[in-house]
Every structure is written in structure tokens, then in C-alpha cells.
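Reader: I would like to go through a fold step by step. Please show me the chain, then take up its elements, its sheet and its surface.

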Amino acid sequence: NLSQELIHIKETKFQSSIFKAVNIYFQDESRFGLLTIQRRILTIKGVKPLIPYQHKFKNLYLFGAYSPITGTQFTLELPKCNADCFQLYLNEFSNQCPEEFKIVILDNGAFHKATQLEIPPNIGLLFIPPYTPELNPAEKIWRHIKDHIANETFTTIDDLSDRLCIEVKALSEQIIKSITGYQLYLNNFNAVF
């Protein structure tokens, strides 16, 4: 179905006379909060590992889109995960390289299909099948970021936001390509575009 969906987007939405380039992105959202993310650590045999931990529930959301073709990204911090925030995200994402047509592969979250959404003309949405998060490599980007902030505590949401900013900026094009470069998507994209 992927190649048929890409052909449909090429024939109905992408116009080479308007857009200078076409790119594919994997988009997703993830919650980050003051509750400590716990991961395993190494210790000497027989020594119980001790890590800092706090039990707080303030949080924020990162909305992100990551390209396996160019390694580019667009990540935005927002306070909620709903249709209004998704619309804001799409509008801002559209303004990044407006001459590029963006094919955005994402899950079937209800707010991704909200009737009030206005999809910008340089964005085409392509939905993965329901209940298949393993088909969205953006999930692995979140895992990568969470692994880097695991076992840390943050006093305030602003502290967490600052730390996430460092991690997002550290995502090089090479890292993004290596995490999101599923051959299934690359082969189909290259065959159609």
C-alpha cells in the first residue's frame, strides 16, 4: 500500500512546478515530565545501584518530524497534545523550507484526523496502519532522547525543557538517518520520487 499512497500523493498534491524538493518525514509526539525515567546502570557485583528519583507529574510534549532522506528535523515543545497544538505544529513545520513538499508519515491519533485541521499546501499526511507503532521510526527518536536523560531529576519544567533542548540539538543528521532509515520507506520513496 505504501507505494500506492506515495503515487497518489505525487499525482494529487505534489506539484513540481511549485515545489523545488520533496522529502519524507516521520512525525510523532512524546510526553516528557518531572517523573524520573529509570534505566539500568552498572555497579559492582553485590552493590545495590542507587539513582536519584522523584515522583512528580508536571510534563510537556515534544512534537517532532524526522527525515531519513536528509537527516533534517523539526521539533517543537508544546504544553498539550491535542488538535490545536497539532495545527500549530503543522503551520510552523510548513514554514520550515516552504519550497519543500513534505510527506509526513504518522500514526492514527484522533487529533491527527480532527475535522478542523487545515493541512498546509506543502504537507501531505500518510497514516501508518492502526496499532503499529513499530512502523514509525520517530518512536525510536524518543527512546534515544529518553535514554540520554534517564536517571536524572529536574527541579522544574524549565530545567527539563533546557535539557531536552540540548538533546534535540545534539541529534545530528547522521544520527537521525541511522535511526529512521528503514529500507521499506526509502526504497518506496526512491521508486516513486
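Author: The chain holds six helices and five strands; helices (H or I, at least four residues) and strands (E, at least two) are DSSP runs, numbered from the N terminus. This is a predicted model, in which local features need pLDDT of at least 70 and side-chain atom pairs count only at pLDDT 80 or more, while totals for chains, interfaces and linings use all residues. Residues are numbered from 1 along each chain as its sequence is written, and side-chain values use heavy atoms, with hydrogens and water left out.

Reader: Which pattern does the chain follow along the sequence?

Author: The pattern is α-β-β-β-α-β-β-α-α-α-α.

Reader: How are the strands of the sheet ordered?

Author: Strands of a sheet pair through backbone hydrogen bonds, either parallel or antiparallel. Two strands count as paired if DSSP finds at least two bridges between them. Here five strands form an open sheet in the order S3-S2-S1-S4-S5, and the pairing is mixed. Strand S3 (73–78) and S5 are the edge strands, each pairing on one side only. From one strand to the next the twist averages 25°.

Reader: In which sense do S4 and S5 pair, parallel or antiparallel?

Author: Strand S4 (residues 100–106) pairs with S5 in the parallel sense, over five bridges. Lys-102 stands opposite Ile-123 in S5, and Val-104 stands opposite Leu-125 in S5.

Reader: Which helices pack on the sheet?

Author: Contact means heavy atoms within 4.5 Å. Axes are lines fitted to C-alpha atoms, for helices over the stretch in contact, and angles run from 0 to 180 degrees between N-to-C directions. Helix H3 (residues 138–149) packs on the sheet, touching strand S1 (21–33) and strand S2 (59–66), and its direction makes about 45° with that of S1. Helix H4 (residues 157–169) also packs there, touching S1, S2 and S3, with its direction at about 15° to that of S2.

Reader: Is strand S5 mostly covered or mostly uncovered?

Author: Buried means under 20% relative accessible area, exposed over 50%, and partly exposed in between (1.4 Å probe, protein chains only). In S5 (residues 123–127), four of the five residues are buried, so defined, and the strand is mostly covered. Over the chain, buried residues make up 43% of the 193 residues.

Reader: What share of contacts joins residues at least 24 apart?

Author: Among contacts between residues at least 6 apart in sequence, that share is 68%.

Reader: What are the spans of the C-alpha trace?

Author: Along its principal axes the trace spans about 65 × 35 × 30 Å.
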